[in-house]
Amino acid sequence: MHDISDKSVSSPLSAGAHRAGARACANIALAKYWGKLDAALNLPETPSLSLTLEPLATETWVEFTENIPQDVLELDGRVATEAEVKRVRELLNRVRESSGLKLPARVQSHNSFPTAAGLASSASGFAALATAASRAAGLQLNEMQLSALARRSSASAARSIYGGFVELPAAQAGEAELSARQLARPEHWELSFVIAVIDDSSKAIGSTEAMELSKRTSPYYTAWVQTAGRLFSEVRQGVLEKNLSRVGVAMEQSALAMHGCAMASRPGVLYWRSATVNALQQIAELRRQGIEVWATIDAGPQVKALCRAADAAIVEAELSRMMGVIHTITARPGPGVKAL
Ligand code: DP6
(Lines give C-alpha, C1' and ligand atoms only; values in the text may rest on other atoms or scores of the structure.)
Protein backbone atom coordinates (compact mmCIF):
# COMPACT_ATOMS: atom_id res chain seq x y z
CA MET A 1 0.00 0.00 0.00
CA HIS A 2 1.25 3.50 -0.84
CA ASP A 3 0.60 6.38 1.47
CA ILE A 4 -1.08 9.50 0.10
CA SER A 5 2.10 11.48 -0.68
CA ASP A 6 3.57 8.48 -2.45
CA LYS A 7 0.37 8.10 -4.45
CA SER A 8 0.38 11.70 -5.64
CA VAL A 9 3.87 11.28 -7.07
CA SER A 10 3.15 8.04 -8.90
CA SER A 11 -0.37 8.94 -10.02
CA PRO A 12 -0.69 8.68 -13.80
CA LEU A 13 -2.70 11.91 -13.69
CA SER A 14 0.04 13.99 -12.10
CA ALA A 15 1.33 16.93 -14.15
CA GLY A 16 3.31 15.87 -17.19
CA ALA A 17 2.68 12.16 -16.69
CA HIS A 18 0.89 11.84 -20.01
CA ARG A 19 2.92 14.31 -22.04
CA ALA A 20 5.59 13.54 -24.62
CA GLY A 21 7.17 15.14 -27.66
CA ALA A 22 8.91 13.88 -30.78
CA ARG A 23 10.77 15.29 -33.77
CA ALA A 24 10.64 13.63 -37.20
CA CYS A 25 12.13 14.66 -40.53
CA ALA A 26 10.27 14.68 -43.83
CA ASN A 27 11.30 12.33 -46.59
CA ILE A 28 11.30 12.46 -50.37
CA ALA A 29 10.65 9.26 -52.29
CA LEU A 30 13.26 8.30 -54.91
CA ALA A 31 10.90 5.48 -55.94
CA LYS A 32 7.30 6.58 -55.49
CA TYR A 33 4.40 5.09 -53.58
CA TRP A 34 1.21 5.90 -55.49
CA GLY A 35 -1.86 3.70 -55.03
CA LYS A 36 -3.35 1.53 -52.30
CA LEU A 37 -3.97 -2.19 -52.27
CA ASP A 38 -6.35 -1.68 -49.35
CA ALA A 39 -7.61 1.83 -48.60
CA ALA A 40 -9.21 0.94 -45.23
CA LEU A 41 -5.93 -0.49 -43.90
CA ASN A 42 -3.87 2.04 -45.87
CA LEU A 43 -1.65 -0.57 -47.49
CA PRO A 44 0.44 0.56 -50.48
CA GLU A 45 0.26 -1.26 -53.79
CA THR A 46 3.74 -0.13 -54.91
CA PRO A 47 7.05 -0.43 -53.05
CA SER A 48 8.79 2.86 -52.30
CA LEU A 49 12.23 4.05 -51.27
CA SER A 50 12.95 7.43 -49.75
CA LEU A 51 15.60 9.65 -48.26
CA THR A 52 14.82 11.16 -44.85
CA LEU A 53 15.78 14.84 -44.88
CA GLU A 54 17.26 17.34 -42.49
CA PRO A 55 16.33 20.19 -41.84
CA LEU A 56 12.70 19.58 -42.94
CA ALA A 57 11.29 18.59 -39.57
CA THR A 58 8.07 18.44 -37.58
CA GLU A 59 8.03 18.72 -33.79
CA THR A 60 4.92 17.46 -32.06
CA TRP A 61 3.82 17.44 -28.43
CA VAL A 62 0.93 15.34 -27.17
CA GLU A 63 -0.70 15.56 -23.78
CA PHE A 64 -3.54 13.30 -22.67
CA THR A 65 -5.48 15.30 -20.11
CA GLU A 66 -8.83 15.40 -18.35
CA ASN A 67 -8.76 19.22 -18.57
CA ILE A 68 -10.29 19.38 -22.05
CA PRO A 69 -13.63 17.93 -23.24
CA GLN A 70 -12.29 16.57 -26.53
CA ASP A 71 -9.14 16.30 -28.67
CA VAL A 72 -7.61 19.66 -29.55
CA LEU A 73 -5.13 20.12 -32.40
CA GLU A 74 -2.93 23.13 -33.08
CA LEU A 75 -0.83 23.21 -36.26
CA ASP A 76 1.86 25.87 -36.61
CA GLY A 77 0.00 28.02 -34.07
CA ARG A 78 -3.42 27.86 -35.75
CA VAL A 79 -6.46 25.80 -34.80
CA ALA A 80 -6.66 22.80 -37.13
CA THR A 81 -9.57 22.18 -39.51
CA GLU A 82 -12.16 19.46 -38.82
CA ALA A 83 -10.62 17.25 -41.54
CA GLU A 84 -7.16 17.56 -39.98
CA VAL A 85 -8.55 16.79 -36.51
CA LYS A 86 -10.36 13.72 -37.85
CA ARG A 87 -7.17 12.22 -39.26
CA VAL A 88 -5.22 12.89 -36.07
CA ARG A 89 -8.05 11.54 -33.90
CA GLU A 90 -7.95 8.23 -35.77
CA LEU A 91 -4.32 7.75 -34.73
CA LEU A 92 -5.05 8.90 -31.16
CA ASN A 93 -7.92 6.41 -30.96
CA ARG A 94 -5.60 3.56 -31.95
CA VAL A 95 -3.17 4.65 -29.23
CA ARG A 96 -6.00 4.95 -26.68
CA GLU A 97 -7.24 1.50 -27.64
CA SER A 98 -3.88 -0.23 -27.17
CA SER A 99 -2.97 1.67 -23.97
CA GLY A 100 -6.38 1.59 -22.29
CA LEU A 101 -6.09 5.35 -21.72
CA LYS A 102 -9.42 7.10 -22.25
CA LEU A 103 -8.43 10.78 -21.97
CA PRO A 104 -8.70 13.42 -24.71
CA ALA A 105 -5.44 14.77 -26.10
CA ARG A 106 -4.02 18.20 -26.72
CA VAL A 107 -1.72 18.06 -29.75
CA GLN A 108 0.64 20.85 -30.80
CA SER A 109 2.65 20.47 -33.95
CA HIS A 110 5.15 22.73 -35.65
CA ASN A 111 6.70 22.35 -39.11
CA SER A 112 9.95 23.95 -40.18
CA PHE A 113 8.73 24.08 -43.82
CA PRO A 114 5.48 24.93 -45.72
CA THR A 115 2.72 22.39 -45.08
CA ALA A 116 0.56 20.76 -47.75
CA ALA A 117 2.69 22.06 -50.62
CA GLY A 118 4.08 18.79 -51.86
CA LEU A 119 6.86 18.85 -49.31
CA ALA A 120 5.59 15.73 -47.58
CA SER A 121 4.52 17.35 -44.31
CA SER A 122 2.15 14.45 -43.59
CA ALA A 123 5.15 12.09 -43.51
CA SER A 124 7.07 13.94 -40.80
CA GLY A 125 3.79 14.95 -39.11
CA PHE A 126 2.40 11.46 -38.59
CA ALA A 127 5.81 9.97 -37.74
CA ALA A 128 6.21 12.58 -34.98
CA LEU A 129 2.59 12.16 -33.86
CA ALA A 130 2.78 8.34 -33.67
CA THR A 131 5.93 8.58 -31.55
CA ALA A 132 4.76 11.41 -29.26
CA ALA A 133 1.23 10.00 -28.76
CA SER A 134 2.35 6.43 -28.01
CA ARG A 135 4.98 7.64 -25.53
CA ALA A 136 2.54 10.06 -23.88
CA ALA A 137 0.14 7.15 -23.40
CA GLY A 138 2.88 5.06 -21.80
CA LEU A 139 3.26 2.59 -24.68
CA GLN A 140 6.78 1.43 -25.44
CA LEU A 141 6.71 0.72 -29.14
CA ASN A 142 9.77 -0.28 -31.11
CA GLU A 143 10.60 1.36 -34.46
CA MET A 144 8.78 -1.31 -36.44
CA GLN A 145 5.60 -0.81 -34.41
CA LEU A 146 5.89 2.98 -34.66
CA SER A 147 6.35 2.69 -38.42
CA ALA A 148 3.23 0.51 -38.75
CA LEU A 149 1.22 2.95 -36.59
CA ALA A 150 2.37 5.95 -38.66
CA ARG A 151 1.70 4.03 -41.90
CA ARG A 152 -1.98 3.56 -41.01
CA SER A 153 -2.37 7.36 -41.08
CA SER A 154 -0.11 8.11 -44.04
CA ALA A 155 2.00 5.48 -45.79
CA SER A 156 4.91 7.83 -46.48
CA ALA A 157 5.04 8.54 -42.70
CA ALA A 158 6.11 4.92 -42.10
CA ARG A 159 9.42 5.85 -43.77
CA SER A 160 10.07 8.97 -41.64
CA ILE A 161 10.51 6.83 -38.50
CA TYR A 162 13.92 5.87 -39.89
CA GLY A 163 16.87 7.99 -40.94
CA GLY A 164 18.76 7.86 -44.22
CA PHE A 165 17.62 5.61 -47.06
CA VAL A 166 14.37 3.82 -46.20
CA GLU A 167 12.23 1.28 -48.01
CA LEU A 168 8.56 0.46 -47.62
CA PRO A 169 7.54 -2.75 -49.41
CA ALA A 170 4.28 -3.10 -51.30
CA ALA A 171 1.64 -4.94 -49.28
CA GLN A 172 0.73 -8.52 -50.18
CA ALA A 173 -2.93 -9.55 -50.38
CA GLY A 174 -4.20 -10.58 -46.94
CA GLU A 175 -1.42 -8.76 -45.10
CA ALA A 176 -2.58 -6.37 -42.35
CA GLU A 177 0.63 -5.03 -40.78
CA LEU A 178 3.35 -3.32 -42.74
CA SER A 179 6.38 -1.31 -41.65
CA ALA A 180 9.22 0.45 -43.41
CA ARG A 181 12.88 -0.46 -42.79
CA GLN A 182 16.21 1.28 -43.12
CA LEU A 183 18.25 0.34 -46.17
CA ALA A 184 21.26 2.56 -45.42
CA ARG A 185 22.17 5.09 -42.76
CA PRO A 186 22.30 8.85 -43.50
CA GLU A 187 26.14 8.71 -43.59
CA HIS A 188 26.05 6.10 -46.36
CA TRP A 189 26.15 8.68 -49.14
CA GLU A 190 26.70 12.46 -49.19
CA LEU A 191 23.80 13.56 -51.35
CA SER A 192 21.67 16.70 -51.39
CA PHE A 193 18.14 17.46 -52.44
CA VAL A 194 17.75 21.00 -53.76
CA ILE A 195 14.05 21.80 -53.56
CA ALA A 196 12.76 24.49 -55.92
CA VAL A 197 9.63 25.87 -54.23
CA ILE A 198 7.34 26.97 -57.05
CA ASP A 199 4.08 27.45 -55.18
CA ASP A 200 3.80 27.16 -51.40
CA SER A 201 0.00 27.39 -51.14
CA SER A 202 -2.04 24.28 -50.28
CA LYS A 203 -2.57 21.79 -53.08
CA ALA A 204 -5.94 21.49 -54.81
CA ILE A 205 -6.20 17.74 -54.34
CA GLY A 206 -4.38 15.76 -51.68
CA SER A 207 -2.31 12.68 -52.45
CA THR A 208 -4.73 10.27 -50.72
CA GLU A 209 -7.65 11.37 -52.89
CA ALA A 210 -5.56 11.69 -56.07
CA MET A 211 -4.11 8.18 -55.86
CA GLU A 212 -7.56 6.72 -55.24
CA LEU A 213 -8.83 8.58 -58.31
CA SER A 214 -5.85 7.28 -60.32
CA LYS A 215 -6.65 3.71 -59.28
CA ARG A 216 -10.34 4.07 -60.14
CA THR A 217 -10.08 5.98 -63.41
CA SER A 218 -6.58 6.13 -64.94
CA PRO A 219 -6.03 3.80 -67.91
CA TYR A 220 -2.34 3.80 -66.95
CA TYR A 221 -2.75 2.65 -63.34
CA THR A 222 -2.00 -1.04 -63.99
CA ALA A 223 1.01 -0.13 -66.13
CA TRP A 224 2.22 2.21 -63.37
CA VAL A 225 1.99 -0.51 -60.69
CA GLN A 226 3.86 -2.99 -62.92
CA THR A 227 6.61 -0.45 -63.66
CA ALA A 228 6.90 0.77 -60.06
CA GLY A 229 8.30 -2.56 -58.81
CA ARG A 230 11.09 -2.60 -61.40
CA LEU A 231 12.00 1.06 -60.81
CA PHE A 232 12.08 0.46 -57.06
CA SER A 233 14.60 -2.39 -57.54
CA GLU A 234 16.79 -0.21 -59.75
CA VAL A 235 16.77 2.66 -57.28
CA ARG A 236 17.51 0.24 -54.45
CA GLN A 237 20.46 -1.30 -56.27
CA GLY A 238 21.75 2.16 -57.24
CA VAL A 239 21.61 3.33 -53.61
CA LEU A 240 23.51 0.26 -52.39
CA GLU A 241 26.16 0.74 -55.12
CA LYS A 242 26.17 4.55 -54.66
CA ASN A 243 25.64 4.85 -58.40
CA LEU A 244 24.03 8.27 -58.83
CA SER A 245 23.12 8.00 -62.51
CA ARG A 246 21.46 4.62 -61.90
CA VAL A 247 19.40 6.10 -59.06
CA GLY A 248 18.72 9.32 -60.97
CA VAL A 249 17.44 7.78 -64.20
CA ALA A 250 15.09 5.40 -62.35
CA MET A 251 14.01 8.14 -59.91
CA GLU A 252 12.99 10.50 -62.72
CA GLN A 253 11.10 7.75 -64.49
CA SER A 254 9.30 6.84 -61.26
CA ALA A 255 8.12 10.44 -60.79
CA LEU A 256 7.15 10.97 -64.42
CA ALA A 257 5.30 7.63 -64.62
CA MET A 258 3.44 8.43 -61.39
CA HIS A 259 2.44 11.86 -62.70
CA GLY A 260 1.55 10.42 -66.12
CA CYS A 261 -0.78 7.99 -64.38
CA ALA A 262 -2.34 10.79 -62.30
CA MET A 263 -2.70 13.14 -65.28
CA ALA A 264 -4.61 10.48 -67.22
CA SER A 265 -7.23 10.20 -64.43
CA ARG A 266 -10.75 11.45 -64.89
CA PRO A 267 -10.81 14.33 -64.09
CA GLY A 268 -7.09 14.74 -64.70
CA VAL A 269 -4.78 15.50 -61.81
CA LEU A 270 -2.16 18.02 -62.89
CA TYR A 271 0.08 19.29 -60.10
CA TRP A 272 2.56 21.03 -62.36
CA ARG A 273 2.97 24.73 -63.14
CA SER A 274 4.90 26.09 -66.10
CA ALA A 275 7.86 26.68 -63.76
CA THR A 276 7.76 22.96 -62.88
CA VAL A 277 8.41 22.05 -66.53
CA ASN A 278 11.06 24.76 -66.85
CA ALA A 279 12.90 23.43 -63.81
CA LEU A 280 12.81 19.88 -65.24
CA GLN A 281 14.37 21.21 -68.45
CA GLN A 282 16.98 23.22 -66.59
CA ILE A 283 18.00 20.10 -64.66
CA ALA A 284 18.40 18.20 -67.95
CA GLU A 285 20.50 21.11 -69.24
CA LEU A 286 22.76 20.94 -66.16
CA ARG A 287 23.25 17.25 -66.89
CA ARG A 288 24.32 18.10 -70.43
CA GLN A 289 26.88 20.44 -68.88
CA GLY A 290 28.28 17.52 -66.88
CA ILE A 291 26.59 17.90 -63.46
CA GLU A 292 25.02 14.71 -62.17
CA VAL A 293 21.58 15.95 -61.13
CA TRP A 294 18.13 14.40 -61.49
CA ALA A 295 14.61 15.52 -60.62
CA THR A 296 11.61 14.20 -58.78
CA ILE A 297 8.17 15.71 -58.09
CA ASP A 298 5.56 14.76 -55.49
CA ALA A 299 1.89 15.70 -55.19
CA GLY A 300 2.57 19.38 -55.81
CA PRO A 301 4.44 21.68 -58.24
CA GLN A 302 7.79 21.68 -56.41
CA VAL A 303 10.79 20.21 -58.21
CA LYS A 304 13.33 18.34 -56.09
CA ALA A 305 16.80 17.93 -57.58
CA LEU A 306 19.05 15.14 -56.33
CA CYS A 307 22.80 15.63 -56.66
CA ARG A 308 26.07 15.08 -54.84
CA ALA A 309 26.45 17.33 -51.78
CA ALA A 310 29.49 18.89 -53.46
CA ASP A 311 27.33 20.04 -56.42
CA ALA A 312 24.43 21.40 -54.33
CA ALA A 313 25.59 25.04 -54.37
CA ILE A 314 25.74 25.23 -58.17
CA VAL A 315 22.39 23.42 -58.59
CA GLU A 316 20.82 25.77 -56.04
CA ALA A 317 22.27 28.86 -57.80
CA GLU A 318 20.88 27.71 -61.16
CA LEU A 319 17.40 26.82 -59.88
CA SER A 320 16.95 29.85 -57.60
CA ARG A 321 17.45 32.34 -60.42
CA MET A 322 14.70 30.80 -62.56
CA MET A 323 11.43 32.67 -63.11
CA GLY A 324 8.62 31.10 -61.08
CA VAL A 325 10.93 29.63 -58.44
CA ILE A 326 10.04 31.43 -55.18
CA HIS A 327 12.98 30.09 -53.22
CA THR A 328 15.07 26.96 -52.79
CA ILE A 329 15.76 24.74 -49.81
CA THR A 330 18.77 22.44 -49.71
CA ALA A 331 18.30 19.33 -47.61
CA ARG A 332 20.66 16.50 -46.66
CA PRO A 333 20.22 12.93 -45.39
CA GLY A 334 18.70 13.17 -41.93
CA PRO A 335 18.08 11.05 -38.82
CA GLY A 336 15.10 8.99 -37.76
CA VAL A 337 12.45 10.09 -35.27
CA LYS A 338 13.68 11.33 -31.87
CA ALA A 339 11.87 11.68 -28.57
CA LEU A 340 12.08 15.23 -27.23
C1 DP6 B 1 3.65 11.41 -54.09
O2 DP6 B 1 1.77 9.11 -47.91
O3 DP6 B 1 0.66 11.31 -48.51
O4 DP6 B 1 4.55 11.73 -51.93
O5 DP6 B 1 -0.94 7.18 -47.43
O6 DP6 B 1 -2.80 8.45 -48.43
O7 DP6 B 1 -1.40 9.52 -46.67
P8 DP6 B 1 -1.45 8.53 -47.80
O9 DP6 B 1 -0.51 9.13 -48.94
P10 DP6 B 1 0.88 9.88 -48.80
O11 DP6 B 1 1.40 9.75 -50.31
C12 DP6 B 1 2.68 10.12 -50.70
C13 DP6 B 1 2.73 10.16 -52.18
C14 DP6 B 1 3.99 10.74 -52.78
C15 DP6 B 1 5.01 9.65 -53.07
C16 DP6 B 1 5.78 9.08 -51.89
O17 DP6 B 1 6.04 9.80 -50.91
O18 DP6 B 1 6.14 7.89 -51.99
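The buried residues of helix α8 (under 20% relative accessible area, 1.4 Å probe, protein chains only) are L244, V247, G248, A250, M251, E252, S254, A255, M258, H259, C261 and A262. Helix α8 covers residues 244–263 and spans 28 Å from first to last C-alpha, close to the 28 Å expected at 1.5 Å a residue. Helices are DSSP runs (H or I, at least four residues), as are strands (E, at least two).

The model is predicted; local features need pLDDT of at least 70, and side-chain atom pairs count only at pLDDT 80 or more. Side-chain values use heavy atoms, without hydrogens and water.

The largest nonpolar core (buried Ala, Val, Leu, Ile, Met, Phe, Trp, Tyr and Cys joined through side-chain atoms within 4.5 Å) has 78 residues. W34, V62, F64 and L319 have the most contacts inside it. Helix α3 (residues 121–136) supplies the largest share, eight residues. A second, separate core of 29 residues includes A31, L49, A184 and W294.

The whole structure holds 18 salt bridges (a Lys or Arg side-chain nitrogen within 4 Å of an Asp or Glu carboxyl oxygen). R273 and D199 pair at 2.8 Å, N to O. R273 lies in the loop between α8 and α9, and D199 in the loop between β10 and α6, so the bridge ties together parts 74 residues apart in sequence. D199 is buried, at 18% relative accessible area. R273, at 37%, is partly exposed (between 20% and 50%). R308 of strand β12 meets E292 at 2.4 Å, N to O. Shared partners join K32, D298 and K304 into one network.

Note on methods: Residues numbered from 1 in each chain as written. Expected span 1.5 Å × (residues − 1).
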